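Dear colleague,

Please find below the structure that I am handing over for your work. A summary of the findings follows it.

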Amino acid sequence: MTKFLAVCSTGLGSSFMVHMNIEKVLGELGIGGVDVDHADLGSVSRGDADAVFVGRDIAEAAQGLGDVVVLDSIIDLGELRGKVAEAARRHGLTD
Amino acid sequence: MLTTHLRDEDLLFAEDLAGWRDAIELVSHPLLARGDIERAYVDAMIESIAAGGTYIDLGYGIALAHARPEHGVVRTALSALWVRPAVLLGDEPEHPISLFFCLAAADSSSHLAALASLGELLSDDSARESLLAAHDTAGALAVLTAGETR
(Lines give C-alpha, C1' and ligand atoms only; values in the text may rest on other atoms or scores of the structure.)
Protein backbone atom coordinates (compact mmCIF):
# COMPACT_ATOMS: atom_id res chain seq x y z
CA MET A 1 0.00 0.00 0.00
CA THR A 2 1.15 3.53 -0.77
CA LYS A 3 2.02 5.54 2.30
CA PHE A 4 1.64 9.32 2.71
CA LEU A 5 3.13 10.80 5.86
CA ALA A 6 2.50 14.27 7.29
CA VAL A 7 5.52 15.47 9.25
CA CYS A 8 6.09 18.41 11.57
CA SER A 9 8.65 19.16 14.26
CA THR A 10 6.74 17.76 17.21
CA GLY A 11 4.45 15.24 15.50
CA LEU A 12 1.58 16.59 17.62
CA GLY A 13 0.03 19.66 16.07
CA SER A 14 0.22 20.62 12.43
CA SER A 15 1.22 17.17 11.19
CA PHE A 16 -2.02 15.77 12.61
CA MET A 17 -4.05 18.49 10.91
CA VAL A 18 -2.34 17.73 7.60
CA HIS A 19 -2.93 13.99 8.17
CA MET A 20 -6.68 14.61 8.63
CA ASN A 21 -6.82 16.91 5.61
CA ILE A 22 -4.94 14.44 3.35
CA GLU A 23 -7.51 11.78 4.24
CA LYS A 24 -10.32 14.22 3.53
CA VAL A 25 -8.85 15.22 0.16
CA LEU A 26 -8.16 11.60 -0.85
CA GLY A 27 -11.82 10.86 -0.08
CA GLU A 28 -13.00 13.80 -2.17
CA LEU A 29 -10.77 12.74 -5.05
CA GLY A 30 -11.96 9.14 -4.75
CA ILE A 31 -8.41 7.84 -4.36
CA GLY A 32 -8.07 4.67 -2.28
CA GLY A 33 -5.15 2.47 -1.31
CA VAL A 34 -3.25 5.10 0.63
CA ASP A 35 -2.20 4.64 4.24
CA VAL A 36 -1.95 8.11 5.84
CA ASP A 37 -0.13 8.82 9.10
CA HIS A 38 1.70 11.64 10.87
CA ALA A 39 4.99 11.80 12.76
CA ASP A 40 7.67 14.11 14.10
CA LEU A 41 10.62 14.95 11.92
CA GLY A 42 13.14 13.22 14.19
CA SER A 43 11.49 9.82 13.95
CA VAL A 44 11.18 9.63 10.16
CA SER A 45 13.78 8.04 7.87
CA ARG A 46 14.06 7.91 4.13
CA GLY A 47 11.88 5.09 2.84
CA ASP A 48 9.30 5.29 5.63
CA ALA A 49 6.75 6.76 3.24
CA ASP A 50 6.14 7.18 -0.49
CA ALA A 51 5.44 10.90 -0.05
CA VAL A 52 6.22 13.11 2.92
CA PHE A 53 4.11 16.28 3.40
CA VAL A 54 5.72 19.13 5.34
CA GLY A 55 5.19 22.82 6.00
CA ARG A 56 7.65 25.10 4.24
CA ASP A 57 9.60 25.88 7.41
CA ILE A 58 10.89 22.35 7.76
CA ALA A 59 11.23 21.73 4.02
CA GLU A 60 15.00 21.99 4.16
CA ALA A 61 15.34 19.68 7.17
CA ALA A 62 13.10 17.12 5.45
CA GLN A 63 14.97 17.17 2.15
CA GLY A 64 16.58 13.75 2.53
CA LEU A 65 13.30 11.94 3.16
CA GLY A 66 12.55 11.12 -0.47
CA ASP A 67 9.47 12.50 -2.26
CA VAL A 68 8.90 15.60 -0.11
CA VAL A 69 5.79 17.70 -0.77
CA VAL A 70 6.09 21.23 0.65
CA LEU A 71 2.90 23.04 1.73
CA ASP A 72 2.70 26.84 1.91
CA SER A 73 -0.24 26.57 4.29
CA ILE A 74 -1.19 23.70 6.58
CA ILE A 75 -4.90 24.54 6.38
CA ASP A 76 -5.33 25.43 2.70
CA LEU A 77 -7.42 22.57 1.33
CA GLY A 78 -7.20 23.92 -2.22
CA GLU A 79 -3.42 23.74 -2.21
CA LEU A 80 -3.44 20.34 -0.53
CA ARG A 81 -5.98 18.95 -3.03
CA GLY A 82 -3.67 19.85 -5.92
CA LYS A 83 -0.53 18.51 -4.27
CA VAL A 84 -2.16 15.26 -3.09
CA ALA A 85 -3.52 14.69 -6.60
CA GLU A 86 -0.03 15.20 -8.07
CA ALA A 87 1.54 12.85 -5.50
CA ALA A 88 -1.12 10.22 -6.20
CA ARG A 89 -0.31 10.48 -9.91
CA ARG A 90 3.44 10.21 -9.28
CA HIS A 91 2.91 7.04 -7.29
CA GLY A 92 0.69 5.43 -9.89
CA LEU A 93 -2.60 5.69 -8.00
CA THR A 94 -4.30 7.66 -10.78
CA ASP A 95 -3.68 8.14 -14.50
CA MET B 1 -15.69 18.91 21.12
CA LEU B 2 -14.04 22.27 20.43
CA THR B 3 -16.02 24.22 23.02
CA THR B 4 -15.21 21.53 25.61
CA HIS B 5 -11.68 22.87 25.46
CA LEU B 6 -12.22 26.43 24.26
CA ARG B 7 -14.45 27.90 26.97
CA ASP B 8 -15.12 31.59 27.66
CA GLU B 9 -12.00 32.03 29.77
CA ASP B 10 -9.84 30.44 27.06
CA LEU B 11 -10.76 32.99 24.38
CA LEU B 12 -8.69 36.16 24.67
CA PHE B 13 -8.43 39.41 22.74
CA ALA B 14 -5.52 41.84 22.81
CA GLU B 15 -4.52 45.04 21.04
CA ASP B 16 -1.16 46.64 20.35
CA LEU B 17 1.08 43.87 21.67
CA ALA B 18 4.82 44.54 21.59
CA GLY B 19 5.51 41.26 19.80
CA TRP B 20 5.08 37.50 19.53
CA ARG B 21 6.60 36.77 22.94
CA ASP B 22 3.83 38.79 24.59
CA ALA B 23 1.28 36.86 22.52
CA ILE B 24 2.66 33.50 23.69
CA GLU B 25 2.67 34.67 27.32
CA LEU B 26 -0.93 35.89 27.04
CA VAL B 27 -2.37 32.90 25.20
CA SER B 28 -0.73 30.58 27.78
CA HIS B 29 -2.24 32.47 30.69
CA PRO B 30 -5.57 30.62 31.12
CA LEU B 31 -3.76 27.25 30.98
CA LEU B 32 -1.13 28.36 33.45
CA ALA B 33 -3.70 29.88 35.83
CA ARG B 34 -5.72 26.64 35.83
CA GLY B 35 -2.66 24.45 36.29
CA ASP B 36 -3.05 22.71 32.91
CA ILE B 37 0.57 23.56 32.15
CA GLU B 38 3.67 24.45 34.12
CA ARG B 39 5.71 27.60 33.53
CA ALA B 40 8.34 25.46 31.77
CA TYR B 41 5.87 24.77 28.95
CA VAL B 42 5.54 28.49 28.14
CA ASP B 43 9.34 28.80 28.12
CA ALA B 44 9.63 25.74 25.85
CA MET B 45 7.22 27.28 23.30
CA ILE B 46 9.08 30.59 23.36
CA GLU B 47 12.48 28.91 23.02
CA SER B 48 11.25 26.77 20.14
CA ILE B 49 9.91 29.80 18.23
CA ALA B 50 13.05 31.84 18.98
CA ALA B 51 15.12 28.95 17.60
CA GLY B 52 13.31 29.23 14.26
CA GLY B 53 10.10 27.35 15.02
CA THR B 54 7.87 29.37 12.73
CA TYR B 55 6.48 26.03 11.49
CA ILE B 56 3.66 26.67 13.95
CA ASP B 57 2.37 29.19 11.35
CA LEU B 58 -0.60 27.37 9.82
CA GLY B 59 -1.19 30.02 7.16
CA TYR B 60 -3.84 32.78 6.91
CA GLY B 61 -2.30 34.55 9.93
CA ILE B 62 -3.06 31.68 12.30
CA ALA B 63 -0.46 29.98 14.51
CA LEU B 64 -0.71 26.84 16.64
CA ALA B 65 1.76 27.24 19.49
CA HIS B 66 2.73 24.03 21.24
CA ALA B 67 5.65 22.06 22.65
CA ARG B 68 6.16 18.42 23.66
CA PRO B 69 4.06 16.97 26.55
CA GLU B 70 7.19 16.33 28.63
CA HIS B 71 7.93 20.06 28.73
CA GLY B 72 5.28 20.62 31.37
CA VAL B 73 1.77 19.59 30.33
CA VAL B 74 -0.45 18.53 33.25
CA ARG B 75 -3.78 18.24 31.42
CA THR B 76 -4.74 18.54 27.77
CA ALA B 77 -5.96 22.06 27.10
CA LEU B 78 -6.42 24.64 24.37
CA SER B 79 -6.70 28.44 24.33
CA ALA B 80 -6.92 31.17 21.68
CA LEU B 81 -5.81 34.78 21.43
CA TRP B 82 -6.86 37.32 18.80
CA VAL B 83 -4.17 39.96 18.27
CA ARG B 84 -4.81 43.32 16.59
CA PRO B 85 -2.77 44.39 14.73
CA ALA B 86 -0.94 41.18 13.82
CA VAL B 87 2.48 40.46 15.37
CA LEU B 88 5.42 38.92 13.54
CA LEU B 89 6.12 35.36 14.63
CA GLY B 90 9.84 34.98 15.35
CA ASP B 91 10.11 38.65 14.29
CA GLU B 92 9.96 37.44 10.68
CA PRO B 93 8.03 39.66 8.21
CA GLU B 94 6.76 36.59 6.32
CA HIS B 95 4.95 35.30 9.43
CA PRO B 96 2.35 37.91 10.54
CA ILE B 97 -0.04 36.27 13.02
CA SER B 98 -3.41 37.61 14.15
CA LEU B 99 -4.80 34.48 15.82
CA PHE B 100 -2.74 32.33 18.18
CA PHE B 101 -3.89 28.97 19.49
CA CYS B 102 -2.03 27.39 22.38
CA LEU B 103 -2.19 23.61 22.44
CA ALA B 104 -1.10 21.64 25.50
CA ALA B 105 -1.30 17.92 24.73
CA ALA B 106 -0.86 15.63 27.74
CA ASP B 107 0.00 12.69 25.48
CA SER B 108 0.04 11.91 21.79
CA SER B 109 -3.66 10.99 21.51
CA SER B 110 -5.89 12.80 24.04
CA HIS B 111 -5.94 16.03 22.03
CA LEU B 112 -6.63 14.51 18.65
CA ALA B 113 -10.42 14.88 18.58
CA ALA B 114 -10.24 18.57 19.48
CA LEU B 115 -7.42 19.15 17.03
CA ALA B 116 -9.34 17.35 14.28
CA SER B 117 -12.35 19.64 14.85
CA LEU B 118 -10.10 22.68 14.89
CA GLY B 119 -8.32 21.59 11.72
CA GLU B 120 -11.66 21.03 10.01
CA LEU B 121 -12.94 24.45 11.08
CA LEU B 122 -9.78 26.25 9.96
CA SER B 123 -9.75 24.46 6.61
CA ASP B 124 -13.23 25.77 5.83
CA ASP B 125 -12.84 29.15 4.09
CA SER B 126 -15.97 30.82 5.44
CA ALA B 127 -15.66 29.43 8.99
CA ARG B 128 -12.01 30.50 9.11
CA GLU B 129 -12.86 34.01 7.93
CA SER B 130 -15.63 34.33 10.52
CA LEU B 131 -13.30 33.12 13.24
CA LEU B 132 -10.54 35.54 12.24
CA ALA B 133 -13.08 38.37 12.22
CA ALA B 134 -14.35 37.65 15.75
CA HIS B 135 -14.06 40.66 18.04
CA ASP B 136 -15.28 39.25 21.32
CA THR B 137 -15.79 36.01 23.22
CA ALA B 138 -19.43 35.67 22.20
CA GLY B 139 -18.59 36.08 18.52
CA ALA B 140 -15.77 33.55 18.72
CA LEU B 141 -17.90 31.04 20.61
CA ALA B 142 -20.65 31.34 18.01
CA VAL B 143 -18.24 30.33 15.24
CA LEU B 144 -16.74 27.49 17.30
CA THR B 145 -20.18 26.17 18.22
CA ALA B 146 -21.41 26.36 14.63
CA GLY B 147 -18.26 24.46 13.64
CA GLU B 148 -19.19 21.63 15.98
CA THR B 149 -22.65 21.11 14.61
CA ARG B 150 -21.69 21.02 10.95
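**Salt bridges**

A search of the whole structure, over all chains, finds twelve salt bridges. Please bear in mind that this is a predicted model.

In chain A, the side chains of Lys83(A) and Glu79(A) form one such bridge, with an N to O distance of 2.8 Å. Both residues belong to helix H2 (residues 77-90) of chain A, and because they are four residues apart there, about one helical turn separates them. The two partners fall into separate accessibility classes: Lys83(A) is partly exposed, at a relative accessible area of 22%, whereas Glu79(A) is buried, at 14%. The cut-off that matters here is 20%, since a residue counts as buried under that value.

In chain B, the side chains of Arg7(B) and Asp10(B) meet in a salt bridge at 3.6 Å, N to O. Arg7(B) has a relative accessible area of 37% and is therefore partly exposed. Asp10(B), by contrast, is buried, with a relative accessibility of 0%.

A further bridge in chain B links Glu25(B) with Arg39(B), whose closest N and O atoms are 2.9 Å apart. Glu25(B) lies in helix H2 (residues 20-34) of chain B and Arg39(B) in helix H3 (residues 39-50) of chain B, so this pair ties together parts that are 14 residues apart in sequence. Glu25(B) is partly exposed, with a relative accessible area of 33%, and Arg39(B) also counts as partly exposed, at 37%.

Some of the bridges share partners: Arg7(B), Glu9(B), Asp10(B), Arg34(B), Asp36(B) and Arg75(B) are joined by them into one network. The pair Arg7(B) and Asp10(B) described above thus belongs to this network.

**The interface between the chains**

How many salt bridges does the rule find across the interface of chain B and chain A? The number is zero. Polar contacts do occur there: five residue pairs are counted between chain B and chain A, with both residues of each pair at pLDDT 80 or more.

On the side of chain B that touches chain A, strand E2 (57-59), strand E3 (62-66) and helix H4 (112-122) each supply at least two residues. Helix H4(B) gives the most, with seven residues. By residue type, this side of chain B divides into 13 nonpolar, eight polar and six charged residues.

In terms of contacts, 27 residues of chain B meet 18 residues of chain A. The size of an interface is often given as the accessible area lost when the parts come together. Between chain B and chain A, the buried area is about 1,900 Å², and carbon and sulfur atoms give 65% of it. Tyr55(B), Leu58(B) and Ser123(B) supply 32% of the area that chain B buries against chain A, which is more than any other three residues.

Ser123(B) also appears in the surroundings of a residue of chain A, Asn21(A). Asn21(A) is located in helix H1 (residues 14-29) of chain A. With a relative accessibility of 3%, Asn21(A) counts as buried. Leaving aside residues up to four places away in sequence, Asn21(A) touches Ile74(A), Ile75(A), Leu77(A) and Leu80(A) in addition to Ser123(B).

**A buried strand residue in chain A**

Is Val54(A) buried or exposed? Val54(A) counts as buried, at 1% relative accessibility. The residue sits in strand E3 (residues 51-55) of chain A. Its contacts, not counting residues up to four places away in sequence, are Val7(A), Ala59(A), Ala62(A), Val68(A), Val69(A), Val70(A) and Leu71(A). For one of these, Val70(A), the C-alpha atom is separated from that of Val54(A) by 5.2 Å, although the two residues are 16 residues apart along the chain.

**Annotated domains**

For chain A, an unreviewed UniProt entry places the feature "domain: PTS EIIB type-2" at residues 1-92. That span is 33% helix and 25% strand, and its end C-alpha atoms lie 11 Å apart.

For chain B, the UniProt annotation "domain: PTS EIIA type-2", likewise from an unreviewed entry, covers residues 4-147. Here the span is 42% helix and 24% strand, with its end C-alpha atoms 13 Å apart.

With kind regards

How values were computed
Residues numbered from 1 in each chain as written. Chains lettered and ligands numbered in written order. Predicted model: local features only at pLDDT ≥ 70, side-chain atom pairs only at ≥ 80, totals over all residues. Heavy atoms only, no water. Contact = heavy atoms within 4.5 Å. Buried area = accessible area lost by both parts, 1.4 Å probe. Salt bridge = Lys/Arg side-chain N within 4 Å of Asp/Glu carboxyl O. Polar contact = N/O pair within 3.5 Å; in protein donor to acceptor, adjacent residues only side chain to side chain. Nonpolar A, V, L, I, M, F, W, Y, C, P; charged D, E, K, R; others polar. UniProt positions renumbered as here; feature names shortened; annotations may be inferred. Buried < 20%, exposed > 50% of the residue type's maximum accessible area, 1.4 Å probe, protein only.
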